[in-house]
Amino acid sequence: KLPVDRFATAEDFGAALMNAAFGLDSTADTPTFSRWKERFATPLAIISVVLLGAAIAATAAAFKRSPNSRNDELQLERQLTFDGDVVGTAISPDGLWLAYVTDECYERDVIPCTRTLQVREVDGTQSVQIARWPRISDVLKWSKSGSQLMFTGSPDSTASTVSDVYFTGKLGGSLRRIPAQPSAFAFTPDGLHVALATGIRGRQFLVRYDVSTLAASDSVSLPNGWSFSDLDYDPGGTQIAARAAAHEFDERIVLLTLEGKLLDSVSAAGVRNSIRWEPGGHGLVFFAASPGTADNLEQVPVVGGRLVRGETSIRLGQIPTGYRGSFDISAAGRVALVSAPTTHRLDILRADRGGTTWEPLTHRTSFLAGGSMSANAELVAVTATDNVGDNIYAFSLANGESRAVTAEPTEHQSPTWSPDGRRLAYTLYSRAHSGVVMLAAAGGRERVIVRVPAEEFAWTANDSLTVFADRAFVTYDTMGIQHGRTTIPDSLAFAARSIHDLLGNASDGRIAYWSSRAGALIAADLRHHKFAV
């Protein structure tokens with residue numbers, strides 16, 4: 001039992017066992033059967049979660065309302081798939097049927113890829129294949145009656161990434177198509193229409209189509225400047241919850257009227273892909289990043305067309321969702337979610353030991369990218385995707401232990417040690433600015449070196465960084481003061497548009513860079529402003 005459901009002491013429990021009337025008429029402030037039954041009869045009570053294993057899985061649960069807490073807690077029920085290839089799911093309104101998409105290329109080197117849309121009973125064991133195409137989206141939507149399933153995809157492997165909308169019966173059959181290429185879609189609560197967010201980025205419309213004829217019935221404008229990636233109508237059909245973005249660093253959860261007018265919005269920083277109304281229509285449920293390598297399923301109340309962000313509560317904590325956060329809630333209260341941790345390994349070849357075999361330095365359930373070894377060969381700095389953002393971690397080469405160098409909800413890339421190993425520099429992409437920053441390896445505040453997007457950079461001395469930006473190599477000291485600029489000549493302009501690797505030399509101020517577009521290795525002497533190909 002949850003702590004609030006337990007007896008305060010063993011003596012209380014023993015007294016209840018000896019009391020034949022306990023649970024029938026008792027008014028004591030202890031758990032009773034009548035209170036237990038009342039709690040489980042609330043609208044949020046019978047919510048269970050079924051996990052579809054992507055890489056690994058946990059399982060499912062029920063929303064339980066505690067009389068002494070406003071937080072509802074989910075308890076795991078069961079796992080339904082075990083092949084590690086599920087990428088998206090939807091559960092029917094009655095909570096009895098699951099649709100899900102599997103990807104045979106998920107974390108595998110398989111080309112061309114194929115995705116399969118399947119449907120099964122939650123309590124059954126067999127799945128029915130609906131479609132097996134090169135392209136099927138992760139997002140699926142059931143009609144209110146549960147008789148139809150909507151998805152986007154394409155059976156043509158040569159088609160563009162834009163996909164049409166398709167409808168199928170619960171157990172398959174002939175497919176019907178709307179050639180609309182929406183960025184988001186949903187069934188309306190009356191079950192008679194579907195709503196598609198279409199149009200160019202930042203100038204979109206909400207177009208309704210008749211389910212029976214698939215003809216467009218009406219259209220309303222969506223707020224200017226935003227592009228929409230998910231839609232969900234509240235159970236009463238009075239407002240729409242959506243996920244929208246003005247740009248990469250301005251993801252928002254928004255509430256809209258049926259006419260597309262904005263009611264409210266809050267930042268969606270750290271919120272994963274899906275946003276759903278809870279069955280009673282009193283709040284929105286979503287996966288949110290939490291410290292560590294897992295996410296929390298949270299709920300934010302909605303009152304009077306406003307999101308009460310300050311009263312957000314956790315429904316299910318520490319679920320490994322990878323970067324997807326895919327889940328769905330049925331009208332009956334059952335929840336299906338995809339558990340998808342991504343396991344990547346950092347390997348090292350210890351050449352000094354005479355070996356030629358790569359040894360695993362660490363196992364970590366996140367994406368790892370880049371890598372820079374310190375001068376004393378004791379640490380390697382990498383970018384690791386955690387549940388806050390893309391942060392810099394330093395791994396010990398001796399034992400694989402790591403420490404977070406940064407811990408911000410932004411994107412940190414290309415960590416590089418200074419020649420003496422005292423500082424780290426990296427690129428930072430955030431709402432505030434994009435550029436190259438530096439901090440002391442032992443910790444401290446970040447110092448911005450350059451506030452413009454920089455494709456590549458390199459240390460050219462212990463106290464000197466050279467940044468490639470706008471067809472020039474610009475040198476800065478560790479205070480961010482510019483000390484030199486070497487412009488790439490017109491003869492190398494073609495190569496300058498595709499610099500992939502930049503290597504500094506602390507002794508003589510020279511750098512070499514590799515241009516994949518030109519297919520050339522180029523040396524630049526920054527002291528004398530000379531180039532050699």
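In this predicted model, an open sheet of four strands (DSSP runs of E, at least two residues, numbered from the N terminus) follows the order 38-39-40-41 with antiparallel pairing; two strands pair if DSSP finds at least two bridges between them. Strand 38 (456-461) and strand 41 (482-487) each have a single partner strand, so one side of each is left without a neighbour in the sheet. The twist averages 20° from one strand to the next, with axes taken as lines fitted to C-alpha atoms and angles running from 0 to 180 degrees between N-to-C directions. Strand 40 (residues 472-477) is joined to strand 41 by five bridges, and Thr 475 has Gly 484 of strand 41 as its bridge partner.

A second open sheet has four strands in the order 17-18-19-20, with antiparallel pairing. Its edges are strand 17 (227-233) and strand 20 (262-267). Strand 19 (residues 251-257) pairs with strand 20 over five bridges, and Leu 256 stands opposite Leu 262 in strand 20.

The largest nonpolar core has 16 residues. Such a core is a set of buried Ala, Val, Leu, Ile, Met, Phe, Trp, Tyr and Cys residues joined through side-chain atoms within 4.5 Å, where buried means under 20% relative accessible area (1.4 Å probe, protein chains only). Leu 117 is among the members that touch the most others. Contacts of Leu 117 (heavy atoms within 4.5 Å) include Tyr 100, Ile 136 and Phe 151. Apart from this core lies another, of 15 residues, including Ala 184 and Ile 240.

Residues are numbered from 1 along each chain. Local features need pLDDT of at least 70 and side-chain atom pairs pLDDT 80 or more, while totals for chains, interfaces and linings use all residues; side-chain values use heavy atoms, without hydrogens and water.

Conventions: Buried < 20%, exposed > 50% of the residue type's maximum accessible area, 1.4 Å probe, protein only. Lists of a residue's contacts leave out its neighbours within four places in sequence.
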